[in-house]
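Visitor: Could you take me through one part of this structure in detail, and then connect that part to its wider setting? I would enjoy a close look rather than a quick overview.

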Amino acid sequence: MSEVDGADDGAGGGQGGGRGTDSGPAPDGGTGGGTGGEARLGGWTRFVTARPRLSLLVALLLTALAVVAGSGVADRLGSGGWEDPTAQSTYATKALEREFPASQPNLLLLLDAGRSSVDDPAVAAEAERIAARLAAEHGVTGVGSYWRSGSPALRAGDGHEALIAARLTGDETAAADTLDRLVPAYRGRSGPVEVRVGGPVAVRHEMQTTIKEDLTRAEMIALPVTLLLLVMVFGSAVAALLPLGVGIVAILGTNAVLRALTEVTDVSVFAMNLTTALGLGLAIDYALFIVRRFREELAGGAPPRAAIGVTLRTAGRTVLFSSLTVAVSLAAMLVFPQYFLRSFAYAGIAVVLLAAAAALILLPAALMLLGDRVNSLDLRRLFRRGRPDPADGGAVWGRMASLVMRRAPLFAVATTAGLVVLGLPFLGVKFGTADDRQLPSGAESHIVQQHIRDGFPGSPGGALEVLAEGSATETEYARYKERIADLPEVLRVDGPLVKGDTAYFSVLPKGEAVDEGAQRLVGELRSADAPFDTSVTGTAAVLVDSKHAIADRLPWAAAFIAIVTLFLVFLLTGSVLIPLQAVLLNALSLTAMFGAVVWVFQDGHLSGLLDFTSSGSIETTLPVLMFCVAFGLSMDYGVFLLSRIKEEYDHSGDHREAVRFGLQRTGGLITAAAVILAVVMVAIGTSRVANTKMLGLGVALAVLMDAMVVRSLLVPAVMRLTGRATWWAPGPLRRFHDRFGLSEGETPEPAPEAGPISDEVPGAAPESESAPAVEPGRDRAEARG
């Protein structure tokens, strides 16, 4: 990792006194400067460095307020949010909960009679006593049991287990409070039976508790490992602590934002995982680039204030642009109705913008106070005898870029084919719902549901409910019941239970609660003729509606990401082709992640090693979430690389040299940043909840593939094949970019117009790329950087 010491920050030139120290436009429209004195500093630099102690004091006070405001946020977050609130199933669920609360049990007590039969008089008497006691509890309604109804669906096939079902009233928080009160009183040995607690409310509550515990453990893992990696990258312990400080500020601030949002909307507990991951990962990325550039300016002889001016004008501007591209990808989740996805947008946008703000405001103030002391406590001296040449790492990346461009067709085809092959398992994806199998195999609610799946007929708790609204006679109800009982996927129909002009039927599918047969049955029930209005709900119906909502809005989300990303990358580069390349190559970098998700988590490979239970499907919203997060992070690294290539091309007009030099100066640092972010995501991936494990490990894989394969091999190969035409734009767009485009460093002389690529013969090794011919360009570029 230490070899990235000499790598550029990807946002501008190199040492002070070189290109980066020339005057140029500052973020506020003034001029930046390297060693040219404070008179040439821009207004933003003066703002963030004028009173650094006051800035840090205000930041400390705001962070303390955020700690107070965000305290207890995890207890106010929900563990659901996968359903579409406007769907038919949601309407039917609320109506049934209101009119027939017993139709929607969310609490199950599994009574195990051991070697006795559940029909034994002593067992039956104890079960009746437990059911009566439960019915008398506050916050409990709709208590039913095998011993009261005689329903075979509530009795295990071997006759040794049976169920008591009930509904805990109120929202998720109220139901969880009731569950906490009831569990100690009912769990365990009770006369001749052993009682275990399960059901949807128990699964959600146990999942929420597990996530909070796992998040604390992930932070305990990620923080020290990240600090060690940062020390290896920076050398200085002082410099290594700065990115961690930025990350902690971003995380605490986002927790306060989420706490405020819980007052007006539902927020998923899973969003806290993204807060930690992005808060540490992106804050470290941004601080890494800014601190590195600041240290390089100091090494070039610039005083601290001037060094900060150059840093903000170059690395700072890239950080701002990068944060916008990540926020855009995350904002796309706002188009979906499920609050599970929207929660990740809330958390992600907040943490990205707070990380960028801390990196661009607080970090410069800290650097102003530290000055040369930012290099203090160089711990790497303990592990080495001599100081390595800081250019060695960059030279390796430069040689790799030259090799890739000499064999551009080979690398482009091989890399693309490899990524496509890795993504092929995703063609067999099966979508499902999050259930108890997200929890560890030893979790009580998981054990209860597994006993039900293995030993009970049909799928108790997975029945479909048909809500019938409108006046009807007993004969009409009976005919409708016969009609749906004849459907091929139906095991049994119970009901109707009538209340005024409203009734409901319980339809038990033959297979699993959410398998393909159950999903087909939803459509058949909704299309069945009836003399009254019908609405269908149940686990399979919620899944069908969720899939429909995602499919309906996915094109809008994809279009939003694509259009805004294309526009932002055009503002950065002024090219028409580069934005298209960025979007397509970023999407291609995610294929390995999606293929691995299906191969590992759906098909169950490595389930023993990773300690999870495969449900045979992928929760419907997870691919959308992982795409938005991973695409945004890929763009983050893409922006750093492209901005460096763009700056070099503006100065030299040499396309191949710009690509080579850009990779040389950013390859090591991007890889270091990706490894650090991957460590954070892997720490999240140690969670005992399968969805969180999938998110953490999947995004970690995507980040590493993007940094080490796409940025290192595919991007230079593709840019070599497209040649100088890469930078072409029609006249009107070029004039638009000249006026509104984003740039870094000084305003360069315009590069030659991109023309035909007659000298760019794919697969050939032009003389300009041979070692003797490249050296002069390399010398000139390295003199500048």
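Guide: With pleasure; let us begin with Q208, which counts as buried because its relative accessibility is 11%, below the 20% cut-off. Please keep in mind that this is a predicted model. Q208 sits in helix α7, which covers residues 200-234. Leaving aside residues up to four places away in sequence, Q208 touches A74, D75, L77, G78, S79 and V269.

From here we can step back along the chain to helix α6. Its 15 residues, 172-186, should span 21 Å at 1.5 Å a residue, and the end C-alpha atoms are 20 Å apart, which agrees. The buried residues of α6 are A175, A176, T178, L179, L182, V183 and Y186. After α6 comes G188, with a positive phi near 105°.

G188 leads us to the sheet, since strand β6 covers 188-190. Five strands make up this open sheet, in the order β4-β5-β3-β7-β6, and their pairing is antiparallel. The edges are taken by β4 (140-145) and β6, each with a single partner strand, so one side of each has no neighbour in the sheet. From one strand to the next, the twist averages 25°. Within the sheet, strand β3 (residues 107-112) and strand β5 (residues 161-168) run antiparallel and are joined by six bridges. Here L111 stands opposite A162 in β5. As background, strands of a sheet pair through backbone hydrogen bonds, either parallel or antiparallel.

Next come two pairs of packed helices. Such a pair is described by the angle between the axes and the distance between the axes. Helix α10 (residues 304-331) packs with helix α11 (residues 339-370) at an angle of about 180°, and the axes are 9 Å apart. The two are therefore roughly antiparallel to each other, as the angle is over 145 degrees. On the α10 side, the contact uses P304, R305, I308, L312, G316, V319, L320, S323, V326, A327, L330 and A331. These meet A345, G348, I349, V352, A356, L360, P364, L367 and M368 in α11. By class, the contact of α10 with α11 has 17 nonpolar, three polar and one charged residues.

The other pair is helix α17 (residues 539-573) with α21, packed at an angle of about 10° with axes 11 Å apart. α17 and α21 are therefore roughly parallel to each other, as the angle is under 35 degrees. From α17, the contact draws on I550, L554, I561, T565, V569, L572 and T573. From α21 come V624, F627, C628, F631, M635, V639, L642, S643 and K646. The residues of this contact of α17 with α21 divide into 12 nonpolar, three polar and one charged.

α21 (622-652) also belongs to the surroundings of helix α19, being among the elements that cover the buried residues of α19. Others in that cover include α13 (408-423), α18 (577-588), α20 (607-610), β13 (618-619) and α23 (690-722). α19 is mostly covered, with 10 of its 12 residues buried. The buried ones are T591, A592, M593, F594, G595, V597, V598, V600, F601 and Q602. As for length, the 12 residues of α19 (residues 591-602) should span 16 Å at 1.5 Å a residue, and the end C-alpha atoms are indeed 16 Å apart, which agrees.

The backbone just beyond α19 deserves a look too. G604 follows just after the helix and takes a positive phi of about 85°. L606 lies in the loop between α19 and α20, and has a positive phi of about 70° although it is not a glycine. At 40% relative accessibility, L606 counts as partly exposed. D611, in the loop between α20 and β13, also is not a glycine but has a positive phi, of about 60°. D611 counts as exposed because its relative accessibility is 55%. For context, most residues other than glycine have a negative phi, and most peptide bonds are trans.

That brings us to a last backbone detail, the peptide bond from G495 to P496, which is cis with omega near 5°. P496 is found in strand β10, residues 490-499.

Technical notes. Residues numbered from 1 in each chain as written. Predicted model: local features only at pLDDT ≥ 70, side-chain atom pairs only at ≥ 80, totals over all residues. Heavy atoms only, no water. Axes fitted to C-alpha atoms, helices over the stretch in contact; angles between N-to-C directions. Helix = DSSP H or I, 4+ residues; strand = E, 2+ residues; numbered from the N terminus. Parallel < 35°, antiparallel > 145°, perpendicular 65-115°, else oblique. Contact = heavy atoms within 4.5 Å. Nonpolar A, V, L, I, M, F, W, Y, C, P; charged D, E, K, R; others polar. Expected span 1.5 Å × (residues − 1). Buried < 20%, exposed > 50% of the residue type's maximum accessible area, 1.4 Å probe, protein only. Pairing = 2+ DSSP bridges.
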